[in-house]
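Have your viewer open and the selection box ready? Let's walk through this one stop by stop.

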Amino acid sequence: MRGTVFTETLLGTVRLDGEPGERRVRLDLRAAADRVLLPHRTTPARLTGRVRIAGRADDPAAEGELEVSPVARRRIRYRLAFTADGRRLTLDGWKSVSPRRPLTSMTVLPFTLYDGHTRVGEGVLRFPLGTGLLPFLLGFRFPRREDPGAHGAPRWNGTPGRTEVWYTTLTDPETGTGVWLHHELTAPADGSEPFAHGWAAVFPRAGEVRHARFGPVPWTRPADGFTAEGVTSSGGRLEGRAGDFRWSLTERPEDPPLFTFPRWSWRHPLLPAAQMLPAARATYEGELSYDTTTLKISGAPGASARIYGHGNAQRWTWLHADLGDGAVLEIVAAVSTRPALRRLPPLVFLRLRRSGRTWPRRPERSATGLLGLGRFRADLGLPTWTVTGRTALRRVRVDVTQPPERTLTLEYRDPDGARAVCRNSESADARVVLERWWGRWRPEASWTLEGTAHAEAGER
Amino acid sequence: MTGDGLVAALLAADDTDTDAGAWPARVPHRLDSVLAALPRPASAGVRAAVAAVETYALARTGRRLAALHPDEREDVLRSLARRPRLAPLLDLLKVPVLLAAGTERTGVPPVPVPAPADPPLDCTPAEEWPARTTADAVVVGSGAGGAMAARTLARAGLSVVVIEEGRHHPTASFGRRVPLDRFTELYRDGGATVALGRPPVLLPTGRAVGGTTVVNSGTCYRTPDAVLARWRTTFGFELAERLGPLLDEAERTLNVAPQPLDVLGANGLLTLEGARRLGWSAAPLRRNAPGCKGSCQCVVGCPTGAKQSVQLSVLPDACAAGARIVTGARVHRILVDHDVPGPPRAAGVRAHRPDGGELEILSPLVVTAAGALQTPSLLRRSGLGGHPRLGRNLSVHPATSVAGRFAEPVTAWRGVLQSVGVEELRKDGILLEATASPPGMSSFVLPGLGRELRRELEESDRLATLGAMIADRPSGRVRGRDRTLVRYDLAPRDGDRLLTAVRAMGRLLFAAGATEVLTGVPKAPRAGSPEALDDLLARTGPRDLHVSAFHPTGTVAAGGDPQRAPADPEGRLRGVHGVLVADGSVLPGCPEVNPQLSIMAAALAVADAWLGGTGPGG
């Protein structure tokens with residue numbers, strides 16, 4: 001199900017009670033609805049944005065509601081709460097859509113200002129057609145609305161030779177310790193009983209990397225998430241013990257799902273494997289202890305991810321980088337194990353989400369380019385590996401460094417029994433440079449992560 | 001000026017009257033101001049009739065009326081009067097001229113006592129009301145029904161906004177202007193609302209904060225038990241069962257009491273005397289005017305504040321409970337949300353300001369109390385007029401009046417305007433009420449033209465007037481969306497009742513000592529004895545009478561049968577959620593008495609039922 005997101009700017013005047021003159025008002029609003037905006041229906045939406053009243057208010061964190069019903073109710077109603085001079089004011093107004101005066105009635109918004117239930121002013125806002133129409137129309141997006149919890153259920157359908165992974169990585173903001181909780185279901189290719197296993201690992205800023213395995217134990221086919229002998233990853237709860245590790249964490253999704261591979265490949269498992277994040281960003285609370293150390297985790301950024309497929313790639317790298325301010329970068333670069341495909345250069349799936357927008361817009365763009373041209377490139381290696389790529393007007397370079405002392409080397413085993421070596425660091429470094437072309441390449445944004453990037457490189 | 005020549009002719013103005021200071025000279029100006037207040041078709045009709053008379057004079061004499069000698073003008077009028085078919089037309093022309101002449105002849109009446117301060121109202125002119133507001137309930141109309149509904153809802157804790165098309169007229173403003181000026185301002189269409197039919201019926205309704213209660217006579221009858229029983233059993237109007245205590249409440253609110261004799265006035269006393277001699281039951285009316293000073297100006301706004309119109313009694317209570325009144329705003333439509341589960345829901349109202357702007361108030365509850373003539377149009381404009389019976393079932397009280405000439409001055413305009421009720425013929429559906437007119441504003445069309453009319457005018461202080469209203473069959477219909485068009489065809493039974501009423505009034509006036517009775521019938525205006533009156537009425541039909549009508553009800557009747565009643569038994573409009581009908585239109589049939597108390601009690605019951613039954617959330 002898709003939602004609707006658009007931005008709108010309204011300009012006008014307000015006359016505050018007790019003042020002789022009018023003041024200029026400007027509203028820069030972003031509306032987000034949980035369903036596709038259909039003109040003949042009534043669509044409620046959340047409003048956020050900036051309210052400016054000349055000399056009185058400039059609140060960048062205004063919040064409110066929008067009711068869009070131009071045909072059914074002939075009304076587009078705005079209710080917005082904002083702060084002015086330390087007082088919490090409410091703007092309440094609506095456009096009254098009239099077929100006789102479509103332009104005026106769709107662009108003029110009379111409103112009243114309230115302080116609590118007391119009226120403190122009234123005014124009129126107008127949508128600036130000349131300057132605002134094009135950005136308004138081009139700003140419409142219909143993003144999918146998905147419940148992160150809906151992606152926790154096991155995908156495995158009983159087919160032999162499949163592996164399924166629930167893994168969570170996070171960084172404790174207080175100590176800088178990286179945490180990796182890996183839960184895996186393996187259905188061996190020989191048809192023997194599926195089993196569950198996994199491990200927990202910590203990557204302290206100072207000190208050695210520690211990990212402990214749990215399982216294997218028989219797979220009990222839970223309805224949701226991963227459950228195996230006291231270790232669970234389900235419904236926003238992460239609990240378990242492995243060796244001297246104990247953990248009990250709650251997960252709060254902060255972002256919609258992020259499909260690193262094309263969405264179709266997750267829904268229809270045609271590729272050897274696919275990875276996705278039920279929530280591109282999440283925060284964690286709780287406790288994790290190992291040896292004599294106990295981490296009280298609070299507001300830790302991280303993410304959970306899912307993998308389902310035939311097994312591990314021939315070679316691969318992975319990066320999850322929380323860039324701050326809601327931005328997140330997810331990269332998987334992999335070479336298939338299939339005989340013909342293993343000769344190809346790595347397929348790069350790069351997803352950069354900023355301000356609710358994901359770049360490139362389609363995951364296939366970075367992997368295959370346009371008919372093979374302009375695909376993103378990965379230079380795999382250790383301790384540093386690099387991904388570069390460009391679209392028409394934007395290019396990116398990502399350098400990931402996994403210092404050996406902060407890297408854990410583990411052996412993976414595919415359903416068919418093949419082995420692979422994984423080198424994982426939940427406290428890696430990363431440098432991300434984003435540039436935009438406007439006559440020449442100009443810096444757009446850059447991020448440097450020191451010890452907070454989550455990365456992995458694997459090979460046979 | 002309109003018709004200075006015609007005015008001079010009708011009033012037989014001679015050379016002495018043309019001085020600037022003489023009252024006949026001022027009449028054309030006054031006539032112009034009266035016509036300016038009338039709806040355009042009415043004033044155009046009067047102007048066309050004036051032009052026709054002038055053309056006739058021109059054709060007959062070669063000069064316009066103004067240029068003629070008084071004798072020549074008299075000659076022209078006499079020639080016109082010889083054509084009986086023209087008599088009703090000339091009578092219609094006489095009405096505005098007589099109103100203007102009466103006002104100018106009487107001059108500005110002195111105010112008996114300084115006007116007391118009105119209880120405070122929270123009124124805001126529409127121009128100052130924000131274009132976008134919200135409320136828990138919007139009440140359309142501030143008359144008897146609207147005020148009572150607003151008070152009930154506000155006292156229950158709802159934020160209530162009352163929207164009134166008219167202006168707020170404080171008591172103090174009444175004493176400063178002559179009655180005729182107030183008349184044209186306080187009534188819709190300048191008081192010239194007409195129901196089309198044979199005969200056409202004048203149907204005046206008030207338009208001000210307080211609605212028609214500002215301009216009614218203050219007579220407060222309780223709904224008769226028989227009527228309540230009929231509403232309940234025949235129509236299924238269940239609320240009728242609960243109206244008894246609510247009528248008590250309405251009476252308490254309005255301080256209803258029998259009118260004391262001290263200020264009754266000669267008109268009322270003569271009526272009592274006439275009834276006593278005939279052995280008829282008659283008594284001073286129960287009125288809502290404690291401390292009435294007998295100003296005889298009820299119908300143009302009581303200048304002493306004695307009459308407890310709802311703007312002095314109910315609306316102040318509503319405002320004290322938090323209700324607010326927007327004045328000068330005409331509700332264009334009720335906003336309805338259709339895309340909701342179940343039936344469509346009321347969402348508020350859109351109203352027009354006098355300056356052409358619009359204002360909208362969102363509210364989940366809309367109470368229509370715009371009166372039985374306006375509510376159907378409002379519902380049609382709002383897309384809620386789909387019920388086949390909406391606008392039909394219009395009941396009014398057809399009324400006519402008779403004047404009696406006495407040897408001694410009566411000066412009917414000193415005393416209570418509507419003072420005495422004669423209930424002898426109540427069982428026949430006829431209610432006689434001694435009803436005078438405000439100073440200078442005789443509603444009775446005096447007979448004659450020219451010198452004869454002038455003589456009648458000069459001697460009008462010797463006239464006592466009686467009015468009769470009858471319980472009718474609901475034979476009217478309100479049409480129209482943007483403009484209300486009323487059609488009313490007097491039922492044959494009701495025509496007979498009117499003639500019976502005229503006969504009864506004549507008998508009573510003769511019994512009281514009248515030397516002559518003026519019937520108001522153009523072709524037979526006078527009767528010198530009861531027998532002569534009987535002869536005269538034997539040759540008269542109801543269409544010859546000057547019929548006015550009051551108290552329109554029943555156009556959005558409540559009842560149990562969904563096929564016949566647009567509103568359900570609790571006054572909720574069918575087919576939509578959140579629209580209550582709380583004015584005269586909700587009454588399922590003719591109340592047979594002055595309906596203020598009935599409407600107030602019904603509105604109270606409807607609002608109570610909403611609060612106590614389904615309630616705001618239901």
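Begin by selecting Asp189(B), which sits in the loop between α8 (179-186) and β5 of chain B. Keep in mind as you look that this is a predicted model. Asp189(B) is not a glycine, yet its phi is positive, at about 55 degrees. Is Asp189(B) buried, exposed or partly exposed? It has 19 C-beta neighbours inside 10 Å and so counts as partly exposed; a buried residue would need 20 or more.

**Along chain B to a cis proline**

Next, select Arg198(B) and Pro199(B). The peptide bond that joins these two residues is cis, with omega at about 0 degrees. Pro199(B) belongs to the loop between β5 (194-196) and β6 (201-202) of chain B.

**A helix residue and a distance to draw**

Now move to helix α9 of chain B, residues 225-233, and pick out Arg230(B) within that helix. Arg230(B) has 17 C-beta neighbours inside 10 Å, so it counts as partly exposed. Add Phe174(B) to the selection and draw a line between the two C-alpha atoms. How far apart are the C-alpha atoms of Arg230(B) and Phe174(B)? They are separated by 40 Å, while along the chain the two residues are 56 residues apart.

**Two helix crossings in chain B**

Show residues 40-61 and 70-81 of chain B; these are helices α3 and α4. Their axes lie 11 Å apart, and the helices pack at an angle of about 110 degrees. That angle makes α3(B) roughly perpendicular to α4(B), since the range counted as roughly perpendicular is 65 to 115 degrees. The crossing is right-handed. To see where the helices meet, show the side chains of Tyr56(B), Ala57(B), Arg60(B) and Thr61(B) on α3(B), then those of Glu72(B), Val76(B), Ser79(B) and Leu80(B) on α4(B). Colour them by class and you will find 4 nonpolar, 2 polar and 2 charged residues in this contact. As you look at the spacing, remember that an α-helix has 3.6 residues a turn, so residues three or four places apart point the same way.

For the second crossing, select α11 (residues 266-278) and α15 (residues 492-512) of chain B. Here the axes are 7 Å apart and the packing angle is about 95 degrees. So α11(B), too, is roughly perpendicular to its partner, α15(B). From α11(B), the contact uses Leu270(B), Thr271(B), Glu273(B), Gly274(B), Ala275(B), Arg277(B) and Leu278(B). From α15(B), the contributors are Arg507(B), Leu508(B), Leu509(B), Ala511(B) and Ala512(B). By class, the contact of α11(B) with α15(B) divides into 7 nonpolar, 2 polar and 3 charged residues.

**An enclosed helix**

Stay in chain B and select residues 596-612, which form helix α17. Its 17 residues reach 24 Å from the first C-alpha to the last, close to the 24 Å expected at 1.5 Å a residue. Turn on the surrounding residues: 15 of the 17 residues of α17(B) are buried, so this helix is largely enclosed by the rest of the structure.

**Over to chain A**

Colour chain A by secondary structure. How many helices and strands does chain A have? There are 4 helices and 30 strands. The C-alpha trace of chain A spans about 80 × 50 × 40 Å along its principal axes. Of its 460 residues, 42% are buried. Among contacts in chain A with a separation of 6 or more, 53% are between residues 24 or more positions apart.

Two backbone spots in chain A deserve a click. One is Asp85(A), in the loop between β5 (75-84) and β6 of chain A. Asp85(A) has a positive phi of about 55 degrees without being a glycine. With 9 other C-beta atoms within 10 Å, Asp85(A) is exposed. The other is the peptide bond from Trp359(A) to Pro360(A), which is cis with omega near -10 degrees. You will find Pro360(A) in the loop between β24 (357-359) and α4 (363-368) of chain A.

**Where the chains meet**

For the last stop, show both chains together. In this interface, 13 residues of chain A are in contact with 10 residues of chain B. On the chain A side, β6 (87-96), β7 (108-115) and β8 (118-126) each supply at least two residues. The largest share there comes from β6(A), with 4 residues. Coloured by class, the side of chain A that touches chain B shows 4 nonpolar, 4 polar and 5 charged residues.

Terms used:
Residues are numbered from 1 along each chain as its sequence is written. Chains are lettered from A and ligands numbered from 1 in the order in which they are written. This is a predicted model: local features need pLDDT of at least 70, side-chain atom pairs count only at pLDDT 80 or more; totals for chains, interfaces and linings use all residues. Axes are lines fitted to C-alpha atoms, for helices over the stretch in contact, and angles run from 0 to 180 degrees between N-to-C directions. Angles under 35 degrees count as roughly parallel, over 145 as roughly antiparallel, 65 to 115 as roughly perpendicular and the rest as oblique. A crossing is left-handed if the near helix is turned anticlockwise from the far one by less than a right angle, and right-handed if clockwise. Two residues are in contact if their C-beta atoms, placed from the backbone, lie within 7 Å. Ala, Val, Leu, Ile, Met, Phe, Trp, Tyr, Cys and Pro count as nonpolar, Asp, Glu, Lys and Arg as charged, and the others, Gly among them, as polar. The expected span of a helix is 1.5 Å times one less than its number of residues. A residue is buried if 20 or more other C-beta atoms lie within 10 Å of its own, exposed if 12 or fewer, and partly exposed in between; C-beta atoms are placed from the backbone.
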